Amino acid sequence: MARIPDEEIERLKREVSIERLAEARGVKLKRHGADLIGLCPFHEDHSPSLVISPKKNLWNCLGACRRGGDVIEWVMRAEGVSFRHAVELLREDHFLLAASSRPVKSSSVPKLPAPVSRDADDRALLLQVASYYHETLKGTPEALKYLEARGLKSPEMIEHFRMGFANRTLGYRLPEKNRAAGAELRGRLAKVGILRESGHEHFNGSVVIPVFNLAGEVVEMYGRKITRGLRENTPLHLYLPGPRRGVWNEEALVASKEVILCEALIDALTFWCAGYRHVTASYGINGFTDDHRASLRKHGTKRIYIAYDRDDAGERAAQSLAEELLAMGMECFRVQFPKGMDANEYALKVQPAAKSLGIVLNKAEWLGKGQRPTVAMSEGKLEEAAKEKITEPIEANTEEQSDLPLAAESAPPLSLAVSPTSDVPVEVNGEEITITQGDRRYRVLGLEKNTSLGMLRVHVLVTRGESLHVDTFDLYSSRHRMLYAKQAGEELGVKEEVVGRDLGRVLLKLEDLQREQLKKTLEPGKEEIQLTEEERAAALGLLRDPNLLGHILADFERCGVVGEETNKKVSYLATVSRLLPAPLAVVVQSSSAAGKSSLMEAVLGFLPEEQRVQYSTMTGQSLFYMGETDLKNKVLAIVEEEGAQRAAYALKLLQSEGVLTIASTGKDATTGRLITHQYRVEGPVMIFLTTTAVDVDEELLNRCLVLTVDEDRTQTQAIHKKQREAQTLEGLWARQERAEVLRVHRNAQRLLKPIAVVNDQVRDLVFPDRMTRTRRDHMKFLTLINTIALLHQHQRPIRTDTRNGKTLEYIEATAEDVKLAWELASDVLVRSLDELQPQTKRLLLLLDEMVSEQCQQLKMERSDFHFSRREVRQYTAWGESVLKKHLHRLEELEYLIVHRGGRGQSFVYELYFERDSESWKPVLPGSCHYDE
């Protein structure tokens, strides 16, 4: 089988992160010096024994399994696959999908998508395999180098003949035979000859050339082994089992009455790459089949140039074949290569190939009896060929010249040398394109689906009077054009050449339309929506209202959203923060059917459609491939956080860094080679999530404002009342008014613009600082202030400041902005007790009582009072094991701060929790009211 290049293996080891692989399998890693440690997923592990070195990108287990290595060893161990299979998984970025922490000994479930389908018939199955081999070839440098070494350097050749490469990876994508689907698929692939009885790929290690019939179906496959060091007597040339079928490049027989017939497909491809497109091949010296004979008769071939090898076997086969062809009424010529050489070897040695092959074709030996047929050819063209400098001498018989054209003059199957497209009449009506040529009318559908140059698969209906022909095909495929022209000509009663010329004009016109379409698609889609004077006045009236937030809350009520005053304010302000350099992010957390989605929909309804993007779910890398400015200053709303779990890493990066970049391997559209593409998505973007999950990614929560929906009975009663009112006549009118309310708010949002905010009001503000988590909370608080100021930008003067020749424009935050932000932060930055289990919550309240009593007796601050577990046990009368469990939970949630005691190794606690003395609601510990 083909060997994986060392540079490809080293690239994977270098570029794929072991840390990301471990996290993808659910391993939680902690920093330990320069390394990372975690629980090993490959054995039962209760204390961290997995060590990962990010610098070296290696892993090692110090526990029971005693395994280690690089990224490939990790995937082999994690997925239970072979070395080669692991490399294929890494190439496909499949490891990002892994989420199981259960060790795998040996897997029989395919990790990669199957390239063939169970419901395909035999012909479709062969076509799917050929397509898979074709894509494999374009990503296999070793196979491409082999073709280059044989002088076959044309990307057009690879695409036109759908050439491929078999490297044993097809089997990795199939279910194993111990599965029903695997047994069926493998049995059918064995039946058509792709797999052998042993289960191995028949063409493994071979460049594969499929043979198509005129309908585009695969009827035969040829494989040429390219692997070195094969066992003795291993055949280098392979075909599908059974008799040889089909004629390679049969469209050449349709397009030309003269055909070059080679002994092997590699020789035929040599002629094709040199410009001699009217070429075909037999399948070896004894491989001229009944299909060849029938095709030559069917298409009326008049002259054949036999270009078999110039060895003894080739000479005998050529002579025998010539006698048969002459008896069939065809003229035969023998192409005379130097002794012992074939077409490919000759073209490689004598350069340029187009001219050297042209000379031997023109000097081909007449194999018939009697006088050589008289042929006519321009003397100027012969002189031009004779003047070409040949790098090696040519030994060939000097005979009269035939009329076979040189490479530069060889006629393609259907000429596209047509007049400019500016005079081609065309009508575009939505997705329907109509092109008229004489009395023929071509209707084209599906152009918009071709999203890149070099791709033109369309649905073409041609009519002439009451006659019509319709088909879906690739206009860039000469085989498809030729077949369409032939069948349409028969249906319409016109010559095939007329339809061929029409298709050339249609193709060029569609290319022009495609370029315009792609240009419009790639242009930035920011179209300013123009407001009328009346709409602008209404929007400014809202934005200049002194009680703006009160007006907004009243409009929420008018739109049917009751209660949730703080949540509505914070959510609305968070959407406004999209215009700041570092916006807020919001997670609305509640039980099912509590109203979190209704809250999100209500808030998003106040935003213009062009400033919000909403999804139900996102894949792991979907964010990376959005347009560069598709999310800038917009709201990204995801209905359920669970639907964005695979995109959590990208969301966190986008929130903290404000930009996403990814380098991805892809194929060059021109050469088909693998190259690195860089994709970039710019923020800032405000992220809006809802979730019913109790345990949400802690890193994501730290970056977000967490809102909890009011689930009290009073709120439920208010919702029921509003629902009943909606059924009345007043409710009907309220729904009518809702559209106008939303229109004003959306226009108001369009009038808000990004502008810098300066805040001199918080220099001496006291904010809790006992926990590291408050570092991010403090930034959320400051952003909330700036957002409130930004919302009131049409009520504030725009100030300027000039330094070093540069001028900045800004607005200023006021004391009222800070006060409002403090009130909101006091509600949303304090964790809700609802996240605690009942017993844990009960212990927290008992601790609060104990600390309050002791501090009152000792007349000391709560932050100075420390207590031991023994004191808690005495106060609560709880058992040791239960108490230890719930204290540990409070430590994790940062309600308790652990301090080292005064007796060596003992530890004491500090309670980081306070309640308001009047409302008994949790407040930010260590903070004071803003008024103070």
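Two strands count as paired when DSSP finds at least two bridges between them. Keep that rule at hand for these exercises, which are set on a predicted model.

**Exercise 1. Work out the strand order of the open sheet that contains E27, and find its edges.**

Solution. Start with the order: three strands form this open sheet as E27-E29-E28, and their pairing is mixed. Next, look for strands that pair on one side only; these are the edge strands, E27 (756-758) and E28 (799-803). Then check the twist: neighbouring strands here are turned by 50 degrees against each other on average, with direction ignored.

Now zoom in on one pair. E28 and E29 (residues 806-812) run antiparallel and are joined by five bridges. Within that pair, Arg 803 has Lys 806 of E29 as its bridge partner.

**Exercise 2. Describe the open sheet of four strands, and say why one side of E6 and of E9 is left without a neighbour.**

Solution. Begin again with the order, which is E6-E7-E8-E9 with antiparallel pairing. E6 (164-166) and E9 (237-239) stand at the edges and each has a single partner strand, so one side of each lacks a neighbour in the sheet. On average, neighbouring strands of this sheet are turned by 30 degrees against each other, direction ignored.

For a closer look, take E7 (residues 206-212) and E8 (residues 218-225), an antiparallel pair with seven bridges. One place to find it in the structure is Val 208, whose bridge partner in E8 is Gly 223.

**Exercise 3. Is strand E12 enclosed or open to the outside, and which strands does it pair with?**

Solution. First, burial. A residue is called buried when its relative accessible area is under 20%. Five of the five residues of E12 (residues 303-307) are buried, so the strand is largely enclosed by the rest of the structure.

Second, the side chains. Arg 303, Tyr 305 and Ala 307 point one way from E12, while Ile 304 and Ile 306 point the other way. Both groups are buried, the arginine included.

Third, the partners. E10 (residues 258-262) pairs with E12 in the parallel sense over five bridges, and Glu 258 has Arg 303 as its bridge partner. E13 (residues 331-334) also pairs with E12 in the parallel sense, over four bridges. In that pairing, Tyr 305 stands opposite Phe 333.

Finally, the connection. Helix H12 (residues 312-327) joins E12 and E13 in making a right-handed β-α-β unit.

Key: Residues numbered from 1 in each chain as written. Predicted model: local features only at pLDDT ≥ 70, side-chain atom pairs only at ≥ 80, totals over all residues. Heavy atoms only, no water. Buried < 20%, exposed > 50% of the residue type's maximum accessible area, 1.4 Å probe, protein only. Helix = DSSP H or I, 4+ residues; strand = E, 2+ residues; numbered from the N terminus. Right-handed = clockwise from strand over helix to strand, strands pointing away. Axes fitted to C-alpha atoms, helices over the stretch in contact; angles between N-to-C directions.
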